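Subject: The structure we talked about

Hello,

Here is the structure I promised to pass on. Have a look at it first, and then read on for what turned up when I went through it.

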Amino acid sequence: MTTYLEKHSWGSWLLTRDHKRIGILYLYVILFFFVIASVAAGLMRLELLTPAGDLVTSDTYNKLFTLHGVLMVWFFLVPSIPAVLGNFLLPLMIGARDVAFPKLNLTSWYIFVAGGLCALWALLHGGVDTGWTFYTPYSSTYANTHVIVMAAAIFVAGFSSIVTGLNFMVTIHTMRAPGMGWFRLPLFVWSLYATSLIMVLATPVLAITLALLVVERLWGVGIFDPHLGGDPVLFQHLFWFYSHPAVYIMILPGMGVISELITCFARKKIFGYNFIAFSSMAIAMLGFLVWGHHMFVSSQSIYAGMVFSLLSFLVSIPSAIKVFNWTATLYKGSIVFQTPMLYALGFIGLFTIGGMTGLILASLGVDVHVHDTYFVVAHFHYIMVGGMVLAFLGGLHYWWPKITGRMYPELMGKLAAVLGFVGFNFTFFPQFIMGYMGMPRRYHAYPPEFQVFHVLSTAGASILACGYLLPMGYFIWSLRYGRKATANPWDATGLEWQTPSPPPTDNFNAQPVVTTGPYEYDAEEAERRAKIGLLPQTPGGAS
Amino acid sequence: MNQWVAHQFNSSAQQREAVTLGMWIFLATEVLFFGGLFAAYTVYRHNFPEQFHEASHHLDIVLGAVNTGVLLVSSFFMAMAVWSIQAGRRKLVVLNLVMTVLLAIAFLGIKGFEYHHKFVEHLVPGSGFHYDGDWPGRAEMFFWLYFVMTGLHAIHVIIGIVVISVMAGLVWSGRIGRENDAAVELTGLYWHFVDIVWVFLFPLLYLAGARG
């Protein structure tokens, strides 16, 4: 029997229509950009070791944080879980041979690469200094850097995410195996559906906004130009109409991964399946109604501010529902502390901190105080890194045996998970404190009283870097030397574990038929216990 | 299973459901894409109602109305093409598609004539812009919106012309027929969308200053 990894030629990879291979192609590209963007972050942290701006000039610093933001958001986080794990797993999880539109799927990768090349061109020719938000009129009139090319890069990459979202939505609607009803879908699939909805409905608005920015720079089209009565704040409205929902593109898939990990390693059916599924949809919907909370100090009316503040608070309800359900799943579970579980537990804690500080920022009065400070930086890094990156790493460890057919070294995995968690907190917790004390973001020099926090943060960043480098090392090592993986190394439920590791090209040797829900761990666990000679537990007891 | 069903699908019904849903989702993204521009228009129309009213007088309502008619009739031919392919009448499909394309080209021709007219009257925004009213800056904004919105629409018309021509060729050569008519139907959906966008653009731009 041939696996999907059988063929080795370049052509078999670059012209593949196999969703599994396309997921891996995405993995290579996003890792490439992750490394560049991390180096930019590292340089910024080094600069901030001392209060004086002595390592890089302020101009270079502006370019570094722009580069870091643009690459991390559009070329790493947005495609990370959806395009890599989502592409690989979605058809497997719903029992399909492939996504609905395989050629379109490959096209989306090429579009993404084209966008990436534009971004690289802008980087190599001197970079961009507008910040990842491209606020007008600075970006449209005053900046002397490669704004047009960078905006084009994001415009192009945006279409790749639109196409991926479209493909996923159609796949989930039409490609489910017999018996795979909507409420038998794994929660990861629900989160991908919610994510796709945002990708499809929000990204076009970003595309037109960036297009207007580009034509304004090229030909002076005055949509955002005050000379013609244009309003630069309109740019902020349009930009955040995409970019706030985009924040949920960068966390919902992570939540989906965590739902899978928690239930598997607690050996227990997930608590409140329907609530978790619908809370994903609720976050996607509410996410479209809160963009104004980025503009509390941008001349928005107080009335609008109050409404946006209230709506932003509402987002915390579905988010909290998820956290409570994960915690309740752990309760009386037979928890196994494998590497993916360590990442999942880390996620719950860090996401909670990130979410709670989001409430602080959504409060009108407090936001005026902490707006554009390190408090904001710390808040969204708790969600983006503490949430999404940990979930991505956790998911990568969990499905690594399925993807490659090899096990990663468990002890090293645990070490990396702990290093990442500790390093992350050292990096970003001090930023809450200094932000609250008034340290503004985007400055390369600062008053000396903030130095101790910056030193802590930079030291933490170096630990965090080890937490990233270690998995990169042992993942590559495991490709050759890792223990061979069985079809279902975690005794997990779910269709993807019922096919060999790595799966055959058509995913399943026979069309799967689904007869149960996705998380029948109680039955699975009873079977496992019986196998190793433990007595079956009494009904109603902890299992 | 017949030759028209791609390997990832189990049946032609499943394939048809998938491609149709895909097209509708694509059209939803298009609505949002144009939506950004419509939002900008709404904001500035609200901020400068009189200036937009006045600037709108410089657009030719007759040509705009004729173009609306041209596009609506082209949509009729497109709908006829979809009907004919389902009825299996190959030559009629090609005839209808060709008529659609010809009317689309006529639309672009009239549009080009209007653009030329604006150029001659110095109403194309930029360094050559000249406007005698009280608020040349606001009028320039109106014309920017006019050119960007109708320009983006024209790009969609051009894409439509290419796609419909390709469809006509494929139907003519027999590679698309009654068994795999989805492509023609989806092209029809796209073309009607392009038509509907214009149905919104015409009143917003041309009729904004109409007396009534």
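What should the 37 residues of H3(A) span at 1.5 Å a residue, and how far apart are its end C-alpha atoms? The expected span is 54 Å and the end C-alpha atoms lie 51 Å apart, which agrees. Please keep in mind throughout that this is a predicted model.

While you are on that helix, there is a bend to look for: H3(A) turns by about 60° at Pro79(A). It is also a mostly covered helix, with 33 of its 37 residues buried. Just after H3(A) comes Gly95(A), which has a positive phi, near 75°.

Now for chain A as a whole. It has 17 helices and zero strands. Its radius of gyration is 23 Å, close to the 24 Å that the globule rule gives for 543 residues, so chain A is as compact as a globular protein of that length. Along the principal axes, its C-alpha atoms fill a box of roughly 75 × 50 × 45 Å. Of the 543 residues in chain A, 55% are buried. The contacts reach a good way along the sequence too: among those in chain A between residues at least 6 apart, 84% join residues at least 24 apart.

The nonpolar core is worth a visit next. The largest one has 227 residues, and Ala151(A), Val189(A) and Leu145(B) are those with the most contacts inside it. Helix H3 of chain A, the one with the bend at Pro79(A), gives the most to this core, with 23 residues. If you centre your view on Val189(A), you should find it touching Leu90(A), Met93(A), Ile94(A) and Ile172(A), leaving aside residues up to four places away in sequence.

On to the meeting of the two chains. Here 32 residues of chain A are in contact with 29 residues of chain B. On the chain A side, the elements that give two or more residues are helix H6 (147-174), helix H7 (187-219) and helix H8 (232-249). H7(A) gives the most, with nine residues. Sorted by class, the side of chain A that touches chain B has 21 nonpolar, eight polar and three charged residues.

Finally, two single residues that I enjoyed looking at.

Phe239(A) is found in helix H8 of chain A. It has 23 C-beta neighbours inside 10 Å and therefore counts as buried. Not counting residues up to four places away in sequence, Phe239(A) touches Thr133(A), Phe134(A) and Thr209(A). Thr133(A) is 106 residues from Phe239(A) along the chain, yet their C-alpha atoms are separated by 7.6 Å.

Thr458(A) lies in helix H16 (residues 451-481) of chain A. Is Thr458(A) buried or exposed? The cut-off for buried is 20 or more other C-beta atoms within 10 Å, and Thr458(A) is buried because it has 20. With residues up to four places away again left out, Thr458(A) touches Arg45(A), Leu46(A), Leu48(A) and Leu49(A). Its C-alpha atom is 9.7 Å from that of Gly423(A), which is 35 residues away along the chain.

Best wishes, and enjoy the browsing!

Technical notes
Residues numbered from 1 in each chain as written. Chains lettered and ligands numbered in written order. Predicted model: local features only at pLDDT ≥ 70, side-chain atom pairs only at ≥ 80, totals over all residues. Contact = placed C-beta atoms within 7 Å. Helix = DSSP H or I, 4+ residues; strand = E, 2+ residues; numbered from the N terminus. Nonpolar A, V, L, I, M, F, W, Y, C, P; charged D, E, K, R; others polar. Core = buried A, V, L, I, M, F, W, Y, C linked by C-beta atoms within 7 Å. Buried ≥ 20, exposed ≤ 12 C-beta atoms within 10 Å, placed from the backbone. Rg over C-alpha atoms; globule rule 2.2 N^0.38 Å. Expected span 1.5 Å × (residues − 1). Bend = angle between axes of the 7 residues up to and from the residue.
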